[in-house]
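This report looks at how two protein chains meet and at what surrounds several of the ligands modelled with them. Please keep the sequence and the structure in view while reading.

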Amino acid sequence: MPSNRIEIDPIYCKGCALCTIACPQKLIEMSDALNEQGYIPAVISSGNLARCTACALCARMCPDAAIRVFKSVETDGGQS
Amino acid sequence: MTTVLKNVFDRPVSLKDVSTHFCPGCQHGTAHRLCAEAMDSLGVQQRAIGVASVGCSVFLYGYFDIDVVEAPHGRAPAVATGVKRVRKDDFVFTYQGDGDLAAIGTSEIIHAANRGEAISVIFVNNTTYGMTGGQMAPTTLPQQQTSTSPTGRNVASDGYPIRMAELLSGLEGVSYSCRVAVNNPKNIMAAGKAIEKAFRCQVEQGGFGFVEVLTTCPTNWGMNPLKANNRVAEEMIPYFPLGVFKDIAPMGQEV
Ligand SMILES: Cc1ncc(C[n+]2csc(CCOP(=O)(O)OP(=O)(O)O)c2C)c(N)n1
Ligand code: SF4
Ligand code: SF4
Ligand code: SF4
């Protein structure tokens, strides 16, 4: 079963780190490399992604709407 | 049974897919997103007209996927009055900084509020003039150092910071007035609800709604975004308490 996931968009992220304090599980860290805009972006490791609850608190905290959140849900194969 | 990934949080439709010029950590971005989410949820994007102020939020037209009118500095409530009076079915809101609304535009906001215009006003209080280099605003806190109060705001000569949400709540024309902050997820969700409520007040009842949003200006405060965010709870909220100061039916519609 795939885990929940968040996507931190490198076009929007300005490296403010506000998402790191918003995540109740402390899953988000700052990268050690610059992004295209010249900022140090937020990143989440695949190990940490496996623990993500898809609560979206990080995304709500982000001033640049850089985070998309996806929740793993089960369907019966019919209309979702 | 199959497992799918469901998108549970995304950028609002009323926000354009562009990166903003705001400094890292600047919560103008948060306030923009909350306004866009409220327009999405009320379904008013196609008939929304934003009125932009002068300040760091001057590029409203570049970031919201709605129609926008640019107002002269401080005059957004007067421009919005005209727009709403000729386009009564449209949704009209102003988005103004504290230098714009509480300094140069004091007269316009007070009279638009007192007339009970059917508009919504989003007031972004970051305790300084952001765009022009961090000068003292009417909302600058006592002792706060700015480029025009290098030794700190002296209340003996400069007066005390103005609490706009409370002040406007004293006017008959105001239906809804509140203050919110966006310094943690809980406050951000409450802020989103308040903005939606102010917008709904116009859409459903033709009332004047005012939401003061406490935000950071990391650049002019000389702080990194995390320190600036901490200052909101440590220094701003104690002087500018969060809460709803008025929530009544619009003037003339009392039951
Ligand atoms: C008539 C006029 N006077 C002064 C200015 C200079 N000016 C531009 S923005 C600004 C203050 C903006 O501060 P605020 O409303 O707090 O917005 P912020 O940039 O902090 O978001 C001033 C004084 C101007 N553009 N027009
Ligand atoms: S969605 Fe929730 S758990 Fe997942 S990274 Fe964001 S804040 Fe953390
Ligand atoms: S809050 Fe947004 S802009 Fe700031 S570091 Fe996190 S993803 Fe990047
Ligand atoms: S100067 Fe201040 S208000 Fe203006 S964009 Fe930068 S942080 Fe935001």
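The sections below take up chain A, its contact with chain B, and then the ligand shells.

## Chain A in outline

The model is predicted, and the description that follows should be read with that in mind. Chain A contains three helices and four strands, which succeed one another along the sequence in the pattern β-α-β-β-α-α-β. Along its principal axes, the C-alpha trace of chain A spans about 45 × 20 × 20 Å.

## The contact between chains A and B

Chain A brings 36 residues to the contact and chain B brings 34 residues. About 2900 Å² of area is buried between chain A and chain B, and carbon and sulfur atoms give 63% of that area. Within the area that chain A buries against chain B, Tyr12(A), Lys14(A) and Arg60(A) together supply 21%, which is more than any other three residues.

As for polar interactions, there are 16 residue pairs in polar contact between chain A and chain B, counting pairs in which both residues have pLDDT 80 or more, and the count of salt bridges between these chains is one. That salt bridge joins the side chains of Arg68(A) and Asp10(B), with an N to O distance of 2.7 Å. On the side of chain A that touches chain B, the elements giving two or more residues are helix H1 (18-22), helix H3 (57-61) and strand E4 (67-75) of chain A. Of these, E4(A) gives the most, with nine residues. By class, this side of chain A divides into 22 nonpolar, six polar and eight charged residues.

## Ligand 1 in chain B

Which residues come nearest to ligand 1? Of the 16 residues around ligand 1, they are His28(B), Asp98(B), Gly99(B), Asp100(B) and Gly130(B). Helix H4 (residues 98-104) of chain B provides the largest share of this shell, with four residues. The shell around ligand 1 comprises five nonpolar, nine polar and two charged residues.

Oxygen atoms of ligand 1 are approached by both side-chain and backbone atoms of chain B. An N or O atom in the side chain of Asp98(B) is 2.5 Å from an oxygen atom of ligand 1, while a polar backbone atom of Gly99(B) is 2.8 Å from an oxygen atom of the ligand. A backbone N or O atom of Cys56(B) likewise lies 2.8 Å from an oxygen atom of ligand 1. On its own, ligand 1 has 600 Å² of accessible area, of which the protein covers 72%.

## The shells of ligands 3 and 4

Around ligand 3 stand residues of chain A, including Cys13(A), Cys16(A), Cys19(A) and Cys62(A), together with others such as Ile8(A), Met30(A), Pro63(A) and Ile67(A). Lys14(A) also belongs to this shell, and it is one of the three residues that supply 21% of the area chain A buries against chain B. By class, the shell around ligand 3 has ten nonpolar residues, one polar residue and one charged residue.

The surroundings of ligand 4 come from chain B, and they include Cys23(B), Cys26(B), Cys56(B) and Cys217(B), as well as Phe22(B) and Asn126(B). Helix H9 (residues 218-221) of chain B gives the largest share of this shell, three residues. The shell around ligand 4 divides into six nonpolar, five polar and no charged residues. His28(B) and Gly130(B) are also among the residues around ligand 4, and both appear among those that come nearest to ligand 1.

Conventions
Residues are numbered from 1 along each chain as its sequence is written. Chains are lettered from A and ligands numbered from 1 in the order in which they are written. This is a predicted model: local features need pLDDT of at least 70, side-chain atom pairs count only at pLDDT 80 or more; totals for chains, interfaces and linings use all residues. Side-chain values use heavy atoms; hydrogens and water are left out. A residue is near a molecule or strand if one of its heavy atoms lies within 4 Å of it. A polar contact is a pair of N or O atoms within 3.5 Å; within protein, one must be able to donate a hydrogen and the other to accept it, and residues adjacent in sequence count only if both atoms are side-chain atoms. Accessible areas come from the Shrake-Rupley method with a 1.4 Å probe; for residues, only the protein chains shown count as cover. Ala, Val, Leu, Ile, Met, Phe, Trp, Tyr, Cys and Pro count as nonpolar, Asp, Glu, Lys and Arg as charged, and the others, Gly among them, as polar. Contact means heavy atoms within 4.5 Å. Buried area is the accessible area (1.4 Å probe) that two parts lose on being put together, summed over both. A salt bridge is a side-chain nitrogen of Lys or Arg within 4 Å of a carboxyl oxygen of Asp or Glu.
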